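Reader: I am new to this one and would love a friendly tour. Could you show me the structure before we begin?

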Amino acid sequence: MEPVRTCVGCRARAPRSSLLRVVQRNGELVADERAALPGRGAWVHDTDACVDAALRRRAFGRALRATGPLDTQTFQTTHQRNG
């Protein structure tokens with residue numbers, strides 16, 4: 001049985017393999033493709049709709065328990081180029 005995680009964008013539950021893990025590195029959002037980076041992670045569907053919803057609702061900051069502002073610009077531009 002595969003682990004189930006909740007997408008921070010649409011709040012739907014999905015298998016871990018169908019979601020993208022995002023972590024905080026030095027105040028910046030980073031996509032964790034292999035789900036192996038240390039630290040707390042937030043899970044999101046790898047779609048523009050879910051990523052935009054999570055960014056709009058500031059869900060990454062809450063899910064990662066960030067104490068300060070997060071730099072989401074780099075993650076957003078990287079995701080738009082890849083997605």
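Author: Gladly! One term helps at the start: a cavity is a set of grid points where a 1.4 Å probe fits but cannot get out. Please also keep in mind that this is a predicted model.

Reader: Thanks! What volume does the largest cavity have?

Author: Let us start with the count: the structure holds 1 cavity of 30 Å³ or more. The volume of the largest cavity is about 30 Å³.

Reader: Which helices each supply at least two residues of its lining?

Author: The lining of the largest cavity consists of Asp48, Val51, Asp52, Gln76, His79 and Gln80. By class, that makes 1 nonpolar, 3 polar and 2 charged residues. The helices that each give at least two residues to this lining are H1 (48-56) and H3 (73-82).

Reader: Is His79 buried or exposed?

Author: His79 sits in helix H3. Its relative accessibility is 7%, and the cut-off for buried is under 20%. His79 therefore counts as buried.

Reader: Which residues does His79 touch, leaving out those up to four places away in sequence?

Author: Two of these partners, Asp48 and Val51, also help to line the largest cavity, as does His79. With residues up to four places away in sequence set aside, His79 touches Asp46, Thr47, Asp48 and Val51.

Reader: Now for the open spaces. Which element gives the most to the lining of the largest pocket?

Author: The largest pocket holds about 190 Å³ of space. Its lining has 13 residues, and Ala31, Glu33, Thr78, His79 and Asn82 are those nearest the centre of the pocket. Strand E4 (28-32) and H3 each provide at least two lining residues. With 5 residues, the element that gives the most is H3.

Reader: How many residues of that pocket lining are charged?

Author: The lining of the largest pocket can be split by class. There are 5 nonpolar and 5 polar residues, and the number of charged ones is 3.

Reader: Back to the helix at the cavity. Which elements do the buried residues of H1 pack against?

Author: The buried residues of H1 are Cys50, Val51, Ala53, Ala54 and Leu55. In an α-helix, residues three or four places apart point the same way, because there are 3.6 residues a turn. The buried residues of H1 pack against E4, strand E5 (41-45), helix H2 (59-63) and H3.

Reader: What is the phi of Arg58?

Author: Arg58 follows H1. Its phi is positive, near 55°.

Reader: Is Ala59 buried or exposed, and which residues does it touch beyond four places in sequence?

Author: Ala59 belongs to helix H2. At 5% relative accessibility, Ala59 counts as buried. Leaving out residues up to four places away in sequence, Ala59 touches Val8 and Ala54.

Reader: How far apart in space are Ala59 and Pro69, C-alpha to C-alpha?

Author: In sequence, Ala59 and Pro69 are 10 residues apart. In space, C-alpha to C-alpha, they are apart by 12 Å.

Reader: Let us look at the sheet. What is the order of its 3 strands?

Author: The sheet is open, and the pairing of its strands is antiparallel. E4 and E5 are the edge strands, each pairing on one side only. On average, neighbouring strands are turned by 35° against each other, direction ignored. The order is E4-E3-E5.

Reader: How many bridges join E3 to E5?

Author: Towards E4, strand E3 (residues 19-25) forms 5 bridges. E3 and E5 also run antiparallel, and the number of bridges joining them is 5.

Reader: What is the bridge partner of Arg21 in E5?

Author: Arg21 stands opposite Asp32 in E4. On the E5 side, Val23 is bridged to Gly41. For Arg21, the partner in E5 is Trp43.

Reader: Which residue in the hairpin of E3 and E4 takes a positive phi?

Author: At this end, Arg25 has Glu28 as its bridge partner in E4. The hairpin has 2 residues between the strands. The residue with the positive phi, near 55°, is Asn26.

Reader: One last thing: how many of the 5 residues of E5 are buried?

Author: E3 is mostly covered, with 5 of its 7 residues buried. E5 is largely enclosed by the rest of the structure, because the number of its 5 residues that are buried is 4.

Notes:
Residues numbered from 1 in each chain as written. Predicted model: local features only at pLDDT ≥ 70, side-chain atom pairs only at ≥ 80, totals over all residues. Heavy atoms only, no water. 1 Å grid on protein atoms, 1.4 Å probe; cavity = no way out; pocket = protein on both sides within 12 Å on 5 of 7 lines; lining within 4 Å. Points joined across faces, edges and corners; volume = space filled by probe spheres on them. Nonpolar A, V, L, I, M, F, W, Y, C, P; charged D, E, K, R; others polar. Buried < 20%, exposed > 50% of the residue type's maximum accessible area, 1.4 Å probe, protein only. Contact = heavy atoms within 4.5 Å. Pairing = 2+ DSSP bridges. Axes fitted to C-alpha atoms, helices over the stretch in contact; angles between N-to-C directions.
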